[in-house]
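Student: Can you walk me through the sheet in this one? I have the coordinates open.

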Amino acid sequence: MKPKRTILCVDDNEQSLSIRKILLETRGYRVLAYSDPQQALERFAQGGVDLVLTDLVMPGVDGSKLIRGIKSLSPETPAILLSGKVKIYEQETNADAFLAKGMDIPADLLERIRVLLIRKRGPKRAQNRAQAPPASPHTNASVASV
């Protein structure tokens, strides 16, 4: 069975956090839910997170600062910033995607997550399909040892 992808979900609104957690878990994701951005960053530093989904407006460390901290630890980890404040989109952000909360319908959010996780993983399946049977035994031996 394919291992579940882990999403770090951060929002100071417990109800929004709970709804997103259920949405993602019912789609097969493992969800680490945090209402405190600082605790979320500490958990991220422990590793094992495939994607970060965070609200923008939170007390203390806002979502943009949280993503900056995450990208400083792991630049390749995709991050989605959610906000009811559309104006943030005009500002510099390290997020890989921005979704306005009004646009945060489940299908859009799930599709964005799927695309970013595929992008992070890279075109492994395409490479495997493109590899025809090896032309020489030497190539076959090197593939078998991998």
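Tutor: We can go through the strands and the helices that pack on them; bear in mind that this is a predicted model.

Student: How many strands form the sheet, and in what order?

Tutor: Five strands form an open sheet, ordered E2-E1-E3-E4-E5, with parallel pairing. Strand E2 (30-34) and E5 stand at the edges with a single partner strand each, so one side of each has no neighbour in the sheet. From one strand to the next the twist averages 20 degrees.

Student: Take E4. Is it buried or exposed?

Tutor: E4 covers residues 79-83, and five of its five residues are buried. On one side these are Ala79, Leu81 and Ser83, and on the other Ile80 and Leu82, so both faces are covered.

Student: Why would neighbouring side chains end up on opposite sides?

Tutor: Because side chains in a regular strand alternate between the two faces of the sheet.

Student: What does E4 pair with?

Tutor: Strand E3 (residues 51-55) pairs with E4 in the parallel sense over four bridges, and Leu53 has Ile80 as its bridge partner. Four bridges also join E4 to strand E5 (residues 97-100), again parallel; there, Leu82 stands opposite Leu99.

Student: And E1, which strand is it joined to by four bridges?

Tutor: Strand E1 (residues 6-10) is joined to E3, running parallel, with Ile7 opposite Leu51.

Student: Switching to helices. Where does H3 lie?

Tutor: H3 lies across E1, E3 and E4, at about 175 degrees to E4. Helix H3 (residues 63-73) makes a right-handed β-α-β unit with E3 and E4.

Student: Which strands does H4 touch?

Tutor: Helix H4 (residues 106-121) packs on the sheet and touches E1, E3, E4 and E5, its direction making about 175 degrees with that of E5.

Key. Residues numbered from 1 in each chain as written. Predicted model: local features only at pLDDT ≥ 70, side-chain atom pairs only at ≥ 80, totals over all residues. Heavy atoms only, no water. Buried < 20%, exposed > 50% of the residue type's maximum accessible area, 1.4 Å probe, protein only. Helix = DSSP H or I, 4+ residues; strand = E, 2+ residues; numbered from the N terminus. Pairing = 2+ DSSP bridges. Right-handed = clockwise from strand over helix to strand, strands pointing away. Axes fitted to C-alpha atoms, helices over the stretch in contact; angles between N-to-C directions. Contact = heavy atoms within 4.5 Å.
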